[in-house]
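The following account leads through a structure element by element, from the overall make-up of its chains to individual residues. The sequence and the coordinates are best kept in view while reading.

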Amino acid sequence: MKLNRQHNTPSKQDSGFVVPENYFADFNKKMLLRTDLKNSVEGFSKERNTGFEIPVNYFENNRIEILSKLHPTAPKVRKLTPRFWRVAAISVALLGLTYFLKTPTANIQTEVVVGETDIKNYLETDINLSAFDWEQLLSSDFTFDPFGSAELSGDEMAQYLAENLSAFDYDDEN
Amino acid sequence: MQDSALVAQLQDEQTRNAAFETLLELYQKPLYWHIRKIVISHDDADDVLQNVFIKVFHHIQEFKGESKLFSWLYRIATNEALSHLRKESKKTQITPEVLKQQRVSSLQADVYFDGDEIQLKLQQAVAQLPEKQQLVFNMHYFDNLKYSEISEILNTTEGALKASYHHAVKKIESFLKER
């Protein structure tokens, strides 16, 4: 008696029984479904996940976020070493010295040109002088003479003395 | 890569950054799902997960190798997740247990939940359990961790864990039957 060894063709055992087309291929699927339903009726299946979901690409984005928090990309700041500061200070000192040595003092302008307006503005803040007085002060012919002589008559002199000298001064008998 | 080799690289300044990326690759997903089952919300799980890895990066020198690296990471993740729940619950003046139950109740409307009715009921059942039983159940049932591994993470004896798991399953079954 020959046995049918061609497993991928519909089986025809010696008994004469046959099975429908693709029967064995569909069998697995059916059993999985049935098992699933059975587990649903019982309560839960260990093979099922929790039902929780996550956004698309979550783990990749999360990885990038964690790494960026640990290693933030700050602008590169070059730390200046103490040696740098020493060299910089020496260079500045040398440059300054060179400048002063090369530049003759005569060329260094120390005079400040001050105009008549500047003097007037400065003096006006503190000294209250009349327009006539300003004219006198700024004129090149002006000569300062606090004791400038004035021609006084005898009557004027007597009046001055009467106003300014006390009776005490007049009284020779005291 | 062996635990000890990875730890050595993490504790060496020269190789820390590269080793840390390896660590992320290895443990990001399992830690995320562990945290997620505790805090429920994806946004919270995201925050906690980042805090965990940042903490690990800054405190890796403190790891003495007395437990497995994996256990150490899991322990940090567990503590951070539970702390987060406590902090959030204080804001609304409710207990962490009540907060979790509230979150599970609104899971159906959560954009990041695609479970069916059974999965939803299971989450509700787990949320009813005491904190320790929830952890044991989630780690053993969903994460497929051995009792020996859970023992190292939670610092509890295997016997106590088995008893805890047994009680958890009974309560879940009872909860599901009632509904």
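Read along its sequence, chain A of this predicted model follows the pattern α-α-α-α-α-α-α. The chain thus holds seven helices and zero strands. Of its 174 residues, 2% count as buried. Helix 3 of chain A, residues 82-102, illustrates this sparse covering: among its 21 residues the count of buried ones is zero. From the first C-alpha to the last, helix 3 of chain A reaches 31 Å, close to the 30 Å expected at 1.5 Å a residue.

Ahead of that helix, the loop between helix 1 (23-42) and helix 2 of chain A contains Asn57(A). The backbone of Asn57(A) has a positive phi of about 60 degrees, although the residue is not a glycine. Asn57(A) has 9 C-beta neighbours inside 10 Å and therefore counts as exposed, the limit for that class being 12 or fewer.

Chain A also touches chain B. The contact takes 17 residues from chain A and 25 residues from chain B. On the side of chain A that touches chain B, helix 2 (residues 58-70) gives the most, with seven residues. Sorted by class, this side of chain A has six nonpolar, five polar and six charged residues.

Chain B is likewise described by its helices. From the N terminus on, its elements run α-α-α-α-α-α-α-α-α, which amounts to nine helices and zero strands. Buried residues make up 33% of the 179 residues in chain B. Among the contacts in chain B between residues at least 6 apart in sequence, 56% join residues at least 24 apart.

The interior of chain B can be approached through the largest nonpolar core, which has 44 residues. Those with the most contacts inside this core are Leu31(B), Ile35(B), Val39(B), Leu49(B) and Leu73(B). Helix 2 of chain B (residues 16-39) gives the most to the core, with ten residues. Domain 1 (1-94) and domain 2 (115-179) of chain B both give residues to the core, so it lies between them. Leu31(B) shows how such contacts are made: leaving aside neighbours within four places in sequence, Leu31(B) is in contact with Leu49(B), Val52(B), Leu73(B) and Ala77(B).

Phe63(B) is found in the loop between helix 3 (42-59) and helix 4 of chain B. Is this residue exposed or partly exposed? Phe63(B) has 16 C-beta neighbours inside 10 Å and so counts as partly exposed; a buried residue would need 20 or more. Apart from neighbours within four places in sequence, Phe63(B) is in contact with Val7(B) and Trp72(B). The C-alpha atoms of Phe63(B) and Gln11(B) are separated by 9.0 Å, while the two residues are 52 apart along the chain.

Further on, the loop between helix 4 and helix 5 of chain B holds Gln93(B). This residue has a positive phi of about 55 degrees although it is not a glycine. Because Gln93(B) has 7 C-beta neighbours inside 10 Å, it counts as exposed.

Helix 5 of chain B, residues 96-105, has Leu99(B), Lys100(B) and Val104(B) as its buried residues. They cover an arc of only 135 degrees around the axis, and therefore lie on the same side of helix 5 of chain B. These buried residues pack against helix 4 (69-91) and helix 6 (117-127) of chain B.

Helix 7 of chain B, residues 131-142, comes next in this account. Its twelve residues should span 16 Å at 1.5 Å a residue, and the end C-alpha atoms are 16 Å apart, which agrees. The buried residues of helix 7 of chain B are Gln133(B), Leu135(B), Val136(B), Phe137(B), Asn138(B), Met139(B) and His140(B). They pack against helix 2, helix 4, helix 6, helix 8 (147-154) and helix 9 (158-178) of chain B. Just after helix 7 of chain B, Asn144(B) takes a positive phi of about 55 degrees.

Technical notes: Residues are numbered from 1 along each chain as its sequence is written. Chains are lettered from A and ligands numbered from 1 in the order in which they are written. This is a predicted model: local features need pLDDT of at least 70, side-chain atom pairs count only at pLDDT 80 or more; totals for chains, interfaces and linings use all residues. A nonpolar core is a set of buried Ala, Val, Leu, Ile, Met, Phe, Trp, Tyr and Cys residues joined through C-beta atoms within 7 Å. Helices (H or I, at least four residues) and strands (E, at least two) are DSSP runs, numbered from the N terminus. Domain bounds come from an automatic or database domain assignment. Two residues are in contact if their C-beta atoms, placed from the backbone, lie within 7 Å. Ala, Val, Leu, Ile, Met, Phe, Trp, Tyr, Cys and Pro count as nonpolar, Asp, Glu, Lys and Arg as charged, and the others, Gly among them, as polar. The arc is that of the directions from the helix axis to the C-beta atoms. The expected span of a helix is 1.5 Å times one less than its number of residues.
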